[in-house]
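Welcome! Let us walk through this protein together, starting with what lies at its centre and then following a few helices and loops.

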Amino acid sequence: MKTAEEIVAADEAGAVRDFIEADPEAEGALREAASRHGADAVLHELDAIALGREGRSTDTPHLEVRLQAHPVFAGRNHAYLMVIVDDHPAFEGDPRFTRTLPDGRRYATLGAGPKDMNPIFGTLVSSVNRAWDASLLIPDTYDAEIQHPLVVSGEMTEREAVERLFEVDARYADLTDYDMIPFRWSGGYNSNGYLSGLLEVVGWSPEAPPHVPGWDKPLPGAAFTLEPPDAA
Ligand SMILES: [Ca+2]
């Protein structure tokens, strides 16, 4: 276990939670040392933990996860996620978040679709910042902020919930058969089933957007089994 001085010297935000859990009495001393040394990342983490205890947004600036949908054909919608990190220090210089909203906040999207846009005998692939998801030119027919239940209950930070989404997405092998309109008896899944499956694996069960065929056939957890890139 690291000491408060070591954590502050390295400004190591990732060590703060374990430190406080091991010795709750030492939180004040850690905060005092972090203020003295200008350890901004540690102070930020301490604030996030304190806010989480009050059941409030656990990250500053607030990280926003939005479930969105845009029309694809015949009044049917394609669902995807927009993750808005604004200028949150944990995502500074993060290459996933280079796009900006008109108000300047940075975002990335998570979604899936048929490989090479070939819906016939296709393969379902997921990507960060798919062109059609990340584009602001295609108007959304649905847009709702969603919050992970464990963030609401103060057991997880917004940042953990967001990182978990990207981690699980990266574990999908992009090899499942694609069905534009999946049936229970067919072998494939579509972009909506990808998203409802991803959310389910991460422990998230938001209300479905309207007119999203395939949402009720979530890609099973067994499809998200690749070794995470870090562990390889
Ligand atoms: Ca993928």
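A nonpolar core is a set of buried Ala, Val, Leu, Ile, Met, Phe, Trp, Tyr and Cys residues joined through C-beta atoms within 7 Å. Buried has a definition too: a residue is buried if 20 or more other C-beta atoms lie within 10 Å of its own, exposed if 12 or fewer, and partly exposed in between, with C-beta atoms placed from the backbone. You are looking at a predicted model, in which local features need pLDDT of at least 70 and side-chain atom pairs count only at pLDDT 80 or more, while totals for chains, interfaces and linings use all residues. Residues are numbered from 1 along each chain as its sequence is written.

With that in hand, take the whole view. The C-alpha atoms fill a box of roughly 60 × 35 × 30 Å along the principal axes. The protein is divided into domain 1 (4-53) and domain 2 (64-231), bounds that come from an automatic or database domain assignment. The C-alpha centres of domain 1 and domain 2 are 33 Å apart. Eight helices and seven strands can be found in the protein; these are DSSP runs (H or I of at least four residues for helices, E of at least two for strands), numbered from the N terminus. Of the 232 residues, 36% count as buried.

Now to the interior. The largest nonpolar core has 36 residues, and those with the most contacts inside it are A79, L81, V83, Y107, Y194, L195 and L198. At least two residues of this core come from each of β1, β2, β4, α7 and α8. The largest share, six residues, is supplied by β2. A second, separate core has twelve residues, including A4, V8, A15 and F19. Returning to L81, its contacts (C-beta atoms, placed from the backbone, within 7 Å) include V65, L67, T109 and L195, leaving aside residues up to four places away in sequence. Across the protein, 60% of the contacts with a separation of 6 or more are between residues 24 or more positions apart.

Which residues of α7 are buried? They are E158, A161, V162, L165, V168 and D169. These residues cover an arc of only 135 degrees around the axis, so they sit on the same side of α7; the arc is that of the directions from the helix axis to the C-beta atoms. Among the elements covering them are β1 (64-73), β2 (76-84), β4 (106-114) and α8 (191-201). Helix α7 (residues 158-170) has 13 residues and should span 18 Å at 1.5 Å a residue, which agrees with the 19 Å between its end C-alpha atoms. The expected span is 1.5 Å times one less than the number of residues.

Helix α3 (residues 27-37) offers another example, with L30, R31 and A34 buried. Seen down the axis of α3, the buried residues fall within an arc of 100 degrees, so they line one face of the helix. Exposed residues G28, A29, E32 and R36 are on the face turned away from that buried side. Just after α3, G38 takes a positive phi of about 65 degrees.

Positive phi also turns up in two loops. D86, which is not a glycine, has a phi of about 55 degrees and lies in the loop between β2 and β3 (99-100). D86 is partly exposed, with 19 other C-beta atoms within 10 Å. In the loop between α7 and β7 (176-177) you will find D174, whose phi is near 60 degrees. D174 is partly exposed, with 13 other C-beta atoms within 10 Å.

Note on methods: Two residues are in contact if their C-beta atoms, placed from the backbone, lie within 7 Å.
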